[in-house]
Amino acid sequence: MIKNMYVSAVILGAGSGTRMGKVLKPFIKLGGVTLFEMVLDSFCSSSYIDEIVVVSNFEDKFREKAKPFSEKYPKIKFTYTKGGKSRADSSFEGVKATSRKTDIVAVHDCARPFITAENINKLIEECFVTGASCACTPTTDTIKYCNKDVNMVYTPERKYLLSVQTPQVFLKKVYIASYGVTVKDKVEFTDESSMVERAGFKVSYIDCGPQNIKLTTEYDVTMARAMISLKKQGKI
């Protein structure tokens, strides 16, 4: 039974914000609410979350924003840990900081504020069945693979392409085993699903919709604010 499993969410907020003009992305506001608060609201509203681990190098700021949520949801344990040199390192630090009781871990970028509790639940339920699940959305653009070194251009069939998102959810033992393989082989990954697949585990992909965007540049923030405005008007 999934209710008997301990589920921890790892929220990654340790990025430098280089492409956002050195602004800490988790504290950007959309409609008067920070990205971090939007993400916390969704995870705290999930049916399964027992613990939230915040990965950041600015613990005091995150604690302050999280305080209302820890008071509103006293059954959820809040833990804080520092990030690593890379995203993969920060992810591992977060997983390492989870409770000894943790069975399932959900890794999520704080820069994806539109994730919903419903989709978080779907991903956790799928992970319970298969051992690993990942948020995604079908790619709508035509993608070109260009290798200038060999003067080759390849156009893969769009129907087979997915844009990978977070949360990415795993049995903790699957994540730890996969991370061990990457350390042994000295391979680096930009997302956990690729790491887990390379280690030989299967990942299930769940469509969480095109609105689960990642805010990377100032343009993305402008688009996100437009989405908030349209939602308030009931147009999306």
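1. Two strands pair if DSSP finds at least two bridges between them. In this predicted model, seven strands form an open sheet on that basis, with mixed pairing. Their order across the sheet is β5-β4-β1-β6-β10-β7-β11.

2. The edges of the sheet are β5 (77-81) and β11 (204-207). Each has a single partner strand, so one side of each is left without a neighbour in the sheet. On average, neighbouring strands of this sheet are turned by 25° against each other, direction ignored.

3. Within the sheet, strand β1 (residues 6-12) runs parallel to strand β4 (residues 49-55), and six bridges join the pair. Ala9 has Ile52 of β4 opposite.

4. Helix α5 (residues 172-185) packs on the sheet, where the helix touches β6 and β10 (162-171). The direction of α5 makes about 110° with that of β10.

5. His108 lies in strand β6 (residues 102-109). Is His108 buried or exposed? Buried means under 20% relative accessible area; His108 has 0% relative accessibility and therefore counts as buried.

6. Which side chain makes a polar contact with the side chain of His108? That of Thr166 does, at 3.0 Å. Thr166 is also listed among the residues that His108 touches, leaving aside those up to four places away in sequence. The others in that list are Val10, Ile11, Leu12, Val39, Phe43, Ile115, Pro167 and Asn212.

How values were computed: Residues numbered from 1 in each chain as written. Predicted model: local features only at pLDDT ≥ 70, side-chain atom pairs only at ≥ 80, totals over all residues. Heavy atoms only, no water. Helix = DSSP H or I, 4+ residues; strand = E, 2+ residues; numbered from the N terminus. Buried < 20%, exposed > 50% of the residue type's maximum accessible area, 1.4 Å probe, protein only. Polar contact = N/O pair within 3.5 Å; in protein donor to acceptor, adjacent residues only side chain to side chain. Contact = heavy atoms within 4.5 Å. Axes fitted to C-alpha atoms, helices over the stretch in contact; angles between N-to-C directions.
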